[in-house]
Amino acid sequence: MEYCLTTRALKKQYGHFTALGGLTMHVPKGSIYGFVGKNGAGKTTLIRLICGLQEPTSGTYTLYGRENTSRELIKSRRRMGAVVETPSIYLDMTAEDNLKEQYRILGLPSFKGIADLLRLVGLEHTGKKKARNFSLGMRQRLGIAVALAGDPDFLVLDEPVNGLDPQGIIEIRELILKLNREHQITVLISSHILDELSRLATHYGFIDNGQMLKEISAEELENAFRKCIRLEVTDTRILSRVLDSMGQEYSVLSDTEADIYGQISITELTMALVQENCIIKAMHEHDESLESYYVSLVGGERDE
Ligand SMILES: Nc1ncnc2c1ncn2[C@@H]1O[C@H](COP(=O)(O)OP(=O)(O)OP(=O)(O)O)[C@@H](O)[C@H]1O
């Protein structure tokens, strides 16, 4: 697999405090990588390091094939845009003027592309309105537009939907999906809003106390936590026999409990079990989600 970012044993100390304790991560090209962790886990620290806002204490990272110690790293950084903490926008300027300013900062030869960028983030009708009078969602989208100036193919967003209302969240979600699917931009999103991430992410990295606990693709997560029917019966040995004869996939949890995967005719199963003197005592759909996976990794307490 090709990666646009990898980190190896990346460490960041603030005095005696270890914010990142040797983090290793892999962001595949083309992915939407959900970087998950509770407050203080070290997400923003990692983002600050890869954006070059701070230097690691030790360890390395590689951006588009160039290690952080390379003199040419700047070339890889040009392929990257980021919104770290709050969007870097001028509140006393219009959306268009903010983008013009960013184009100047990047030394881009013309303002060509600004109208397209404004349209892409849904701010083409904001005219003379200053960013100061934008909603939080509009400011966030303008921040993303500023990060997209220079046409990056890797976008880093630190908690992009924090504080947004439901409409604002949907707009950012649709924008991220569009950037990824139609413009082939790899997106790294840090967040602790798991429900929202699960609608976007193709890959996850779970961080806690400055350590990567697990990296997993959305597909692997889905397979690990498939929907199933959990049955409680009088005897799972009989249930196993019946399910085997039906060619059904299942896993036995105890003498009385089992999970059944895939489509199943409940009537057929019930009738077969009755014939074998096995009674169904309870049955319910069991759905493991990103949230339960996270809790199983990190432990009970969440810090919202
Ligand atoms: N400049 C700094 N000096 C000292 N400690 C810091 C500094 N920056 C961050 N920290 C500490 O490092 C830890 C990780 O912070 P970081 O901002 O990376 O967390 P986070 O996962 O992004 O959390 P949040 O969701 O709250 O932003 C925190 O305990 C924080 O207090």
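1. The sheet in this predicted model is an open one built from four strands in the order E2-E1-E4-E5, with antiparallel pairing; strands here are DSSP runs of at least two residues (E) and helices are runs of at least four (H or I), both numbered from the N terminus, and two strands count as paired if DSSP finds at least two bridges between them. The edge strands are E2 and E5 (66–67), each of which pairs on one side only.

2. On provenance, local features need pLDDT of at least 70 and side-chain atom pairs count only at pLDDT 80 or more, whereas totals for chains, interfaces and linings use all residues. Residues are numbered from 1 along each chain as its sequence is written, and side-chain values use heavy atoms, with hydrogens and water left out.

3. E1 and E2 pair in the antiparallel sense over nine bridges, and Gln13 has Thr18 in E2 as its bridge partner. These two strands form a hairpin with two residues between them, and Gly15 in the turn has a positive phi of about 65°.

4. At the E5 edge, strand E4 (residues 58–63) and E5 pair over two bridges, again in the antiparallel sense, and the bridge partner of Leu63 in E5 is Arg66.

5. Helix H1 lies across strand E1 (3–14), E2 and E4, and runs at about 115° to E1. That angle, on a scale from 0 to 180 degrees, is taken between N-to-C directions of axes fitted to C-alpha atoms, for helices over the stretch in contact, where contact means heavy atoms within 4.5 Å.

6. The ligand is surrounded by 13 residues, of which the closest are Gly40, Gly42, Lys43, Thr44 and Thr45; a residue qualifies if one of its heavy atoms lies within 4 Å of the ligand. Strand E2 (17–28) and helix H1 (43–50) each supply at least two residues of this shell, and H1 gives the most, with four. By class, the shell has four nonpolar, five polar and four charged residues, with Gly counted among the polar ones.

7. Backbone polar contacts (pairs of N or O atoms within 3.5 Å) involve oxygen atoms of the ligand: a polar backbone atom of Ala41 lies 3.1 Å from one, a backbone N or O atom of Gly42 lies 2.8 Å from one, and a polar backbone atom of Lys43 is 2.8 Å from one. The protein covers 62% of the 630 Å² of accessible area that the ligand has on its own, as given by the Shrake-Rupley method with a 1.4 Å probe.

Technical notes:
A polar contact is a pair of N or O atoms within 3.5 Å; within protein, one must be able to donate a hydrogen and the other to accept it, and residues adjacent in sequence count only if both atoms are side-chain atoms.
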